[in-house]
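Reader: I would like a close look at a single part of this model. Please start from one well-packed residue and work outward.

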Amino acid sequence: MQPTNDQRLWMYRQMVTSRHLEERIEALYMEGKTPVFNMAKGPIPGEMHLSNGQEPCAVGVCAHLDAEDVVVATHRPHHIAVAKGVDLNAMVAEIFGKASGLSGGRGGHMHIFDADVNFSCSGIIGESLGPAAGAALSRKMQGKPGVAVAFLGEGAANQGAFHEALNLAAVWKLPVVFVIEDNAWGISVAKQASTAVPRNDLRASAYNMPGVHVADNDVEGVFTAAGEAIARAREGEGPTLIEIETSRLAGHFMGDGEDYRPEGEKEGLQQRDPIPRYRQMLIEAGLLDEAADTELVGEARERVEAAIRFAQQSDFLPPEAALETVFV
Amino acid sequence: MTNTTATDSGSRKLTIARAMAEATAQEMRADPSVFVMGEDVGPLGGVFGNTRGLYDEFGGERVRDTPISETAFIGAAVGAASDGMRPIVELMFVDFFGVCMDAIYNMMAKNTYFSGGKVKVPMVLMTSTGGGYSDGGQHSQCLYGTFAHLPGMKVVVPSNAHDAKGLMTAAIRDDNPVVFMYHKSLQGMGWLGTEKGATVATPEQSYTVEIGKAAVAKIGQDVTLVSLGAGVHHCLRAAKALGEEGVDAEVVDLRSLVPLDRETVRASVAKTGRLIVVDEDYHSFGVSGEIIASVAEHDLACLKAAPRRVAYPDIPIPFAPTMEQWALPNADKIVDAFHQMMSQ
């Protein structure tokens, strides 16, 4: 399964949009946090987990999804939200904690919920799998179209929730795909120090489902693997586990000094940044030239800038609005 | 939908287990989005009888036996509830919450808030509570206060079959997550000991009992006994014993912890001036302290005596019957608490 030229350009555009969003959030996040780093300061307080480098996982999967399909993402959700079509203005406003945010500032960057495109995420490791399996069960029971995708990091494959949910999805043959973004690090602990298998897709055999590995953060490799898995799910053939070898070009969170990385690793990853690589590939394929790229990047950036302006110009809810929406 | 009280229920008596199953069956007939999943809820009918008959009527698609994977299936219920279904999931013993609490309190209870009210999570988590039959300290707890403490989930604790059916129907129809905590000794399962007072007249037609409304189980003038679940029956026995001494006790059955009907408790204590809270859950940081605080911070002057509580000591639940029975609340302890209150 190969992407069409339109799909290639769509994936590139989403990656560029997501990366620019992260770069702008990074700059805005640091406002007020220097010279002494204080997480509570600045226009975007709290933890911030940026997705730089992991864009291929998001776009290669979401290229196969419509708004009706369900995605449950992780504590590092922005790239997936962009690719799933979450309302960018409302999402950025939520990251700023504003009234016009997706939930009026009650959630923040780890709790992005956009029911219009069936997107949600959780700040707890391994907790995307159960709800995704349940959404898939819901579609199966209702006979409604749509599949569910759970994103998780490679560290989450060592959680009990991972093993419980894979077994449940397989025994009930649910239309769900589990996508592991393997960025090789669980905060500061390397995958090989925490995980008994070299690749988590190998664990699929324990749950009688296909396991697929995508090497080298390859956009089109993700597209192919996800396309086949999602097609299987749509046809009622059950779940698939995919592990994607990706890269975390930012720290675990903003403020992470990354002293735990071997010398030179970060520079090596940056040289393999998936976005310039994909740009080069599209240029060589004749789908893009310098002028078209400049235009595409400019449009993506302007979309992000407009969302940031929207967020900055929005008000906060009155503090006592914190008491609302505990129950409906 | 009608609201009924135990006094206009006709003559048919049900156990709480049967009442829960009947409410569930009626809602499943009316609403195809309602389904049940949990361990042994299928052909077995639930370890505590509360899904009996459902599998035969609705089949394995809507009455699903799950793997022993509470994190996965409660998490799945959150996902299904957010996608248009109304799952009823069973956590067989509330003591097992330790293996799946994240799905309960970090997702089930918070997703609505995190979404600014845009994502509804209409699910019922039903779970058994309580001891008294020497099942040891991992199969005997109540943990009412633990769940009620955490925002975002309603919590109901019925004391009889009439309320259990009405609360179950209300819980299934509620657009919020509801934790339905039933006490094993009230289920009408002979092997767990059976509290006869829980098996009461229960209408056959569908009805709701409003979540968040306490009931006055016995009207009195001299002291207010507040409890929930099995404790209500201890209070009624204590009230009877006190009545033989000429003391007229009022018994308030909370029925719901979230929302908590503080008004009914305050009105009763305003009348009697005396408050004893009876709770099989642990003594400290729980329901009993919350009830007393709710009265004290509202109107300290209404109290003629310092409030008392008869609650489970702050110890893991022991196995030996001598020790467990010694630790549990009972009517004698409530009567003693009243005497101590009056002697001060």
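**A close look at the core of chain A**

Author: Start with A:Val176. Setting aside neighbours within four places in sequence, A:Val176 contacts A:Ala132, A:Ala133, A:Ala136, A:Val147, A:Ala148, A:Ala150, A:Ala169, A:Ala233 and A:Pro239. This is a predicted model. Every value here is computed from it.

A:Val176 belongs to the largest nonpolar core, which holds 206 residues. Four members touch the most other members: A:Ala133, A:Val176, A:Ile242 and B:Phe180. One of A:Val176's own contacts, A:Ala133, is thus in that group too. The group draws on chain A and chain B. Where does the core lie with respect to the domains of chain B? Domain 1 (10-201) and domain 2 (215-343) of chain B both contribute residues, so the core lies between them.

Now the surroundings in chain A. A:Val176 opens strand β4 (176-182). The loop between α6 (160-171) and β4 holds A:Lys173. Phi of A:Lys173 is near 50°, a positive value, and the residue is not a glycine. Is A:Lys173 buried, exposed or partly exposed? It has 15 C-beta neighbours inside 10 Å, so it counts as partly exposed.

A second positive phi sits at A:Ile187, about 50°, again in a residue that is not a glycine. A:Ile187 is in the loop between β5 (185-186) and β6 (189-190) of chain A. Here the count is 10 other C-beta atoms within 10 Å, so A:Ile187 is exposed.

A:Ala157 offers a contrast. This residue lies in the loop between β3 (148-153) and α6 of chain A. A:Ala157 has 27 C-beta neighbours inside 10 Å and therefore counts as buried. Leaving out neighbours within four places in sequence, its contacts are A:Phe162, A:Ile180, A:Thr195, A:Asn200 and A:Arg203. Take A:Asn200. In sequence, A:Ala157 and A:Asn200 are 43 residues apart. In space, their C-alpha atoms are 6.9 Å apart.

Next, the stretch that holds A:Ile242. A:Ile242, one of the four core members named above, falls within strand β8 (residues 240-245) of chain A. Strand β7 (residues 211-214) of chain A pairs with β8(A). The two run parallel, joined by four bridges. In one of the pairings, A:Gly211 has A:Leu241 as its bridge partner in β8(A). Helix α8 (residues 219-234) of chain A completes the picture: β7(A), α8 and β8(A) make a right-handed β-α-β unit. A:Ala233, a contact of A:Val176, falls within the residue range of that helix.

Step back to the whole of chain A. The chain has 11 helices and eight strands. Its radius of gyration is 19 Å, and the globule rule gives 20 Å for 328 residues, so chain A is as compact as a globular protein of that length. The C-alpha atoms fill a box of roughly 55 × 50 × 40 Å along the principal axes. Of the 328 residues, 51% count as buried. Consider the contacts in chain A between residues at least 6 apart in sequence: 74% of them join residues at least 24 apart.

One backbone detail in chain A deserves a note. A cis peptide bond joins A:Thr34 and A:Pro35, with omega about 0°. A:Pro35 lies in the loop between α1 (5-30) and α2 (55-62) of chain A. Chain B has a cis peptide bond as well, between B:Val258 and B:Pro259, with omega about -5°. B:Pro259 is in the loop between β12 (256-258) and α9 (262-272) of chain B.

Then the partner chain. The contact between the chains takes 34 residues from chain A and 34 residues from chain B. On the chain B side, α3 (70-81), α4 (101-108) and α5 (111-114) each supply at least two residues. The largest share, nine residues, comes from α3(B).

Finally, back to the two domains of chain B, which the core lies between. The assignment gives domain 1 (10-201) and domain 2 (215-343). Their centres, taken over C-alpha atoms, are 26 Å apart. Their contact takes 29 residues from domain 1 and 24 residues from domain 2. On the domain 1 side, α6 (144-149), β6 (154-156) and α7 (161-173) of chain B each supply at least two residues.

Terms used: Residues numbered from 1 in each chain as written. Chains lettered and ligands numbered in written order. Predicted model: local features only at pLDDT ≥ 70, side-chain atom pairs only at ≥ 80, totals over all residues. Core = buried A, V, L, I, M, F, W, Y, C linked by C-beta atoms within 7 Å. Buried ≥ 20, exposed ≤ 12 C-beta atoms within 10 Å, placed from the backbone. Domains from an automatic or database assignment. Contact = placed C-beta atoms within 7 Å. Rg over C-alpha atoms; globule rule 2.2 N^0.38 Å. Pairing = 2+ DSSP bridges. Right-handed = clockwise from strand over helix to strand, strands pointing away.
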